[in-house]
Structure formats: C-alpha cells, structure tokens
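Biologist: Got a minute to go through this one with me? I'd like to start with the helix packing and then get to the cysteines.

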Amino acid sequence: MRDYEEVTAFLGEWGRFQRLIFFLLSASIIPNGFNGMSAVFLAGTPEHRCAVPPGANLSEEWRNASIPLELRGGLTEPSRCRRYRLAVLANLSALGLRPGSDVQLAELEQEPCLDGWEYSRDVYHSTIVTEWNLVCEDDWKVPLTTSLFFVGVLIGSFISGQLSDRFGRKSILFLTMAVQTGFSFLQIFSTSWEMFTVLFLIVGMGQISNYVVAFILGTEILGKSVRIIFSTLGVCIFFAIGYMLLPLFAYFIRDWQMLLLALTLPGLLCVPLWWIIPESPRWLISQGRYKEAEVIIRKAAKINNTPAPAVLFDATEMQDSKPQQQQKAILLDLFRTRNIATITIMSLLLWFFTSVGYFGLSLNTPNLHGDAYINCFLSAVIEVPAYIIAWLLLRSLPRRYSISSTLVLGGGVVLFIKLVPAVWSCTQRWSETWQSELRPQLPG
C-alpha cells in the first residue's frame, strides 16, 4: 500500500481545498475559547456584605455601622460574612446611643448573615454566586464548579480519541459540538448549583473533545508543511480569538444567564459546516472504505482545479492493506517498551505542568488588581504573539529546546511575581475602599 502522502501528492500542499479546511476547522474552535474560560465571569464573586433587613429598627447611623471591619489582603474592609447582632444594635439605637463614641463596636457580639447578602453590582449584575449565594460557608462551591468542568475535560480527553477512531472524525466532531452547545444552553435553565455543575461537567467533555477531534481531522487532511501552522497559528490563535471575545461579551452582558445564551448561540453557526467539512480520507482508508475516500480526494482535486489520476487505489493495494486493518492499538501500548513509556510519561508531565500554569493564570484574572474585563482581554491578546513565537521556534529549533526554553521562561516569570511589592496593588484599593465603604461608617 502506497503512503497516503504519495497518493494525494497531486493535490498540492496549499490549494483552495486545504485553505478551506484550515480556516473552517480553526473557526470551529472559537466557541471553545469562551466556553473554556466562561467560569471567569459566570462564577465571578462580587463584593458582598451581610444584608440588613429594612425592618431592623436601626437608625441610619447604626445601619451603616452594622458590619464589622476586618483585615483582608493588607486592608481594613467590611466583613463579608459577619455582622453585629441586630437585636443588640436595635436596643442601642432605641436608647439613642451612637456607634464609636458611646459604644465600642469591637465589644459587640457578632452573628452570621442570617438574612442573606447584599452584592455589589459594580462589576457583575448577577452570577451563579449571587444566584445561589455561593459565599462564606458555601464559597468552596465556586472553585469546585471550575474543577468539575476540568473533570469533564479529563473524561473527554480519554474518550474523544477512542470514539473518533471507532465512529469517524467528522461524526464525533459535530457530535461534541452539539454536546458543548446543547448543554451550555441547558445551563441557562439551571434551578440549583448542583444542576448547573453537572451540566458544566458535560460541557467540559464536549469542549475538549471538539478541540481534540478538530485537531486530529486537520492534521490528517492537511499536508506535512501545513500541519505545524495549523496546530499553532490555526487552532490555537482561533482559540485565543474566542477567549478575547469572552470579556467583550461579558462587559456588555452582565447577567449570567443572558451571557451564557450569548456564548451558546455562536455554536449554531457551525451547523452548516457539516455539509462542507469532509470525513478524514486517512480514517476511511484505515477502515477499508476506499470508495468514500476516493470521492473526497477527487472532490478536493476539483476544488483545487487539479486533474486527478484515473486510478487512485488499485485492487492490489486495497487487498494488501486488509490485514493491517485488524491491528488495533490500546492504551497499554504506550507503556510496552521502555523508550515509548519514557516518552509517554514525559509528555503527561509536560502537559500537566503546562495546563496547571496556563489555566491557573487565566482563571485568576478576576483576582488581579484592576478591571476584570481588561485583565481577561489582555490575558487573551498576549496569547497571539505567544503562538507566533511557538510557530517560529518549532520551525527553527529542535522540540526539546523549544519546550525547555519556554517552560523555564514561563516558570521564571511566575516566580518573579513574588518579588512585586504588595503595596503596589494595595494603594489604589485602599483609596477606593476608604471612599466607598469605610468613610460612611465613621462617627460624625
């Protein structure tokens, strides 16, 4: 059996057909960018404090002083989870005593937020945090939401390749697109945090599966000279474009349900691609489906305006390749020899370290000083030159030098963050907090 590259050499490397596949598969990755990072805004935690009900019989002065102050992040700020016991404050207010001058607030008894919370609407109008009060005793649910999304990513990583080997690249690609889009839409109607999180896990499965299968399909259809560009400047940059769109959507749509709807609708634009993106001819050949593969290759030749040979696969080649179809690879094959086991373990570790660093930094953008939307946008924009540099490194340096140099650079920069004086990020926050929160609580 001749090599597939030899059979399809007449198509060329960068004809109209290859360009079409390159851009359509890359564009199908855009929803992955904002779905993968959507938790940044869907699960954003706004500033909050204990709610004081209108019928608490407190003077305005005592109402302003009802929240104790605490040290947080080097600043003195109103407590998010405690308030002074309202029954005590009501008695003191009825006696005409003033907070701070007649009564030492530090000596008063405190209680949890029995009447819920008041949330700031400066950054977010509503999130799943405000929807189900995922603060204080329940604040652990917010990081767990994101963690379970990545549990879905883990599951999808294991099964997507197996499913595409069994049922075909194209079928699984569009099935996982449907899973990602459909279950994202169902999240809008979540009635509880538990329902939202289970659906989010399934979205994670679809998100990574779509990415992996699109990557495989592109590398199998495109020629050798285009694969590096496709894997760096193709799928990765279009992922970054989706990531850049996320803060733009979130800035103008600050309600979590409407934001989720806006992030879901672009997935419907991928439906027409079913009639444009073909199945992988390589996969069809591996399944012995030569006629279907030949139809796709001849259609590609027509799109490229290139004459195709009269015979692509002769009977002898098809007969000789049949025994190879019975050879099936399993996961344990990655550990059968010492050499391949070493490569497998090193690849797993490298992906682990890279993913922890990348997603740890990306998902932390709301906690950085400054505007959460600008921080997220800048985090996405900086990926574009990074992918261009990666493409240049892959073209000019051996792989081991490329990966080691970028890991050392990235790790070193993260370590240098600890050298940034904390006061640089606290000065403006202190000014803002003084004006909006602390000053009204002072007596007189």
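Biologist: At what angle do helix H11 and helix H17 pack, and which word describes their relative direction?

Modeller: Bear in mind that this is a predicted model. Helix H11 (residues 224–252) and helix H17 (residues 372–381) pack at about 170 degrees, with their axes 8 Å apart. Angles over 145 degrees count as roughly antiparallel, so H11 and H17 are roughly antiparallel.

Biologist: How many charged residues are in the contact of H11 with H17?

Modeller: On the H11 side you'll find Ala240, Tyr243, Met244, Leu246, Pro247, Ala250 and Tyr251. They meet Tyr373, Cys376, Phe377, Ser379, Ala380 and Val381 of H17. By class that gives twelve nonpolar residues and one polar, and the number of charged ones is zero: there are no charged residues.

Biologist: Cys376 is in that contact. Why is the sulfur of Cys376 not in a bond with the closest cysteine sulfur, and how far away is that sulfur?

Modeller: Cys376 is buried, with a relative accessible area of 0%. A disulfide needs two sulfur atoms within 2.5 Å. The closest cysteine sulfur, in Cys236, is too far for a bond, at 17 Å.

Biologist: Then how many disulfides are there?

Modeller: One joins Cys50 to Cys113, with an S to S distance of 1.8 Å. Another is formed by Cys81 and Cys136, whose sulfur atoms are 2.0 Å apart. Using the 2.5 Å cut-off, the count comes to two disulfides.

Biologist: How far apart in sequence are the parts that Cys50 and Cys113 tie together?

Modeller: The link of Cys50 and Cys113 is left-handed, with -60 degrees about the S-S bond. Cys50 lies in strand S1 (residues 48–50), while Cys113 sits in the loop between strand S5 (110–112) and strand S6 (117–119), so the pair ties together parts 63 residues apart in sequence.

Biologist: And are Cys50 and Cys113 buried or exposed?

Modeller: Buried here means a relative accessible area under 20%. Cys50 falls in that class, and Cys113 does too, so the word for both is buried.

Biologist: On to the other link. What is the handedness of the link of Cys81 and Cys136, and how far apart in sequence are they?

Modeller: With -100 degrees about the S-S bond, the link of Cys81 and Cys136 is left-handed. Cys81 is in the loop between strand S3 (75–78) and strand S4 (82–84), and Cys136 is in the loop between helix H7 (128–132) and H8. The link therefore joins distant parts of the chain and is left-handed, its cysteines 55 residues apart.

Biologist: Which accessibility class does Cys81 fall in, and which does Cys136?

Modeller: Residues under 20% count as buried, those over 50% as exposed, and the ones in between as partly exposed. At 27%, Cys81 is partly exposed. At 11%, Cys136 is buried.

Biologist: What is the pairing when the bonded cysteines are numbered in sequence order?

Modeller: The bonded pairs are Cys50 with Cys113 and Cys81 with Cys136. Numbered in sequence order, the pairing is 1-3, 2-4.

Biologist: What about the phi of Cys136?

Modeller: Most residues other than glycine have a negative phi. Cys136, in the loop between H7 and H8, has a positive one although it is not a glycine. Asn133 is found in that loop too, is partly exposed at 29%, and has a positive phi of about 50 degrees. For Cys136 the value is about 55 degrees.

Biologist: Back to helices: which residues of H2 make the contact with H10?

Modeller: Helix H2 (residues 16–27) and helix H10 (residues 193–221) pack at about 170 degrees with axes 10 Å apart, and are therefore roughly antiparallel. H10 brings Ala214, Leu217, Gly218 and Ile221. The contact divides into six nonpolar residues, one polar and no charged. From H2 come Phe17, Ile21 and Leu25.

Biologist: Last one: what radius of gyration does the chain have?

Modeller: The C-alpha trace spans about 100 × 45 × 40 Å along its principal axes, and the secondary structure comes to 20 helices and six strands. A compact globule of 444 residues would be near 22 Å, but the chain has 28 Å.

Technical notes: Residues numbered from 1 in each chain as written. Predicted model: local features only at pLDDT ≥ 70, side-chain atom pairs only at ≥ 80, totals over all residues. Heavy atoms only, no water. Helix = DSSP H or I, 4+ residues; strand = E, 2+ residues; numbered from the N terminus. Buried < 20%, exposed > 50% of the residue type's maximum accessible area, 1.4 Å probe, protein only. Axes fitted to C-alpha atoms, helices over the stretch in contact; angles between N-to-C directions. Parallel < 35°, antiparallel > 145°, perpendicular 65-115°, else oblique. Contact = heavy atoms within 4.5 Å. Nonpolar A, V, L, I, M, F, W, Y, C, P; charged D, E, K, R; others polar. Rg over C-alpha atoms; globule rule 2.2 N^0.38 Å.
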